[in-house]
Amino acid sequence: MGADVVLVGYFSAKQKDFETVMASAVAELAAHGARVVAQTVQRRGVSDGGVQKMGLPYSSRTLLTYGKVREVAQACDQANADAVIFVASLTERQQRTLTDMLGRPAVSLSDIFAAD
């Protein structure tokens, strides 16, 4: 792989081990030759409908809030990242939308390891 990447996690407020999941993803990416140059996490809290909406993404187009997408884009630009890797699975539409918005490939961790 050999790329500089930004790692993005999307987790429910109920998932307390998100830091462990992120650390594991960093280790897996490093084992495949990638260098994680920045990380960001979107936590899904209990608001605007509570528990019924916690499994849903903030946006069906981007998975994240638009503010978080801007934050990820800024981190990518500052670190001159080659790609953005999401811990969560992305739909094809989300991959296309995020790739366009971020100006670099946006893929899920599972897609990378499935390609091996």
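Here is a short chat about how two helices, a nonpolar core and one loop residue fit together in this predicted model.

Visitor: How do the axes of α2 and α3 lie to each other: roughly parallel, roughly perpendicular or oblique?
Guide: Start with helix α2, residues 66-79, and helix α3, residues 92-102. Their axes come within 10 Å and cross at roughly 55 degrees. Angles from 65 to 115 degrees would count as roughly perpendicular and those under 35 as roughly parallel. The two helices are therefore oblique.

Visitor: Which residues of α3 does α2 meet?
Guide: On the α2 side, look for Y66, V69, V72 and A73. The residues of this contact are seven nonpolar, with no polar and no charged ones. Across from them, the α3 residues are L98, M101 and L102.

Visitor: What covers the buried residues of α3?
Guide: The buried residues in α3 are Q94, Q95, T97, L98 and L102. Their cover includes two helices and two strands: α2, α4 (109-114), β3 (83-86) and β4 (106-108).

Visitor: Which residue follows α3, and what is its phi?
Guide: Just after the helix, the phi angle is positive, near 75 degrees. The residue with that angle is G103.

Visitor: Which element gives the largest share of the largest nonpolar core?
Guide: That core has 19 residues, and V72, V84, F86 and L102 have the most contacts inside it. β1 (4-12), α2, β3 and α3 each supply at least two of its residues. The largest share is five residues, and it comes from α2.

Visitor: What does V72 touch beyond its neighbours within four places in sequence?
Guide: V72 is among the residues with the most contacts inside the largest core, and it is also one of the α2 residues that meet α3. Skipping those sequence neighbours, its partners are V6, V8, T40, L64, V84 and L102.

Visitor: How many residues are in the other core?
Guide: This core lies apart from the largest one. Among its members are L7, M22, A25 and I112. Its count is 13 residues.

Visitor: Is S59 buried or exposed?
Guide: S59 lies in the loop between β2 (35-44) and α2. Buried means under 20% relative accessible area. S59 has 9% relative accessibility, so it counts as buried.

Visitor: What separation do the C-alpha atoms of S59 and Q94 have?
Guide: Not counting residues up to four places away in sequence, S59 touches L64, Y66 and Q94. S59 and Q94 are 35 residues apart along the chain. Their C-alpha atoms are separated by 9.3 Å.

Notes. Residues numbered from 1 in each chain as written. Predicted model: local features only at pLDDT ≥ 70, side-chain atom pairs only at ≥ 80, totals over all residues. Heavy atoms only, no water. Axes fitted to C-alpha atoms, helices over the stretch in contact; angles between N-to-C directions. Helix = DSSP H or I, 4+ residues; strand = E, 2+ residues; numbered from the N terminus. Parallel < 35°, antiparallel > 145°, perpendicular 65-115°, else oblique. Contact = heavy atoms within 4.5 Å. Nonpolar A, V, L, I, M, F, W, Y, C, P; charged D, E, K, R; others polar. Buried < 20%, exposed > 50% of the residue type's maximum accessible area, 1.4 Å probe, protein only. Core = buried A, V, L, I, M, F, W, Y, C linked by side-chain atoms within 4.5 Å.
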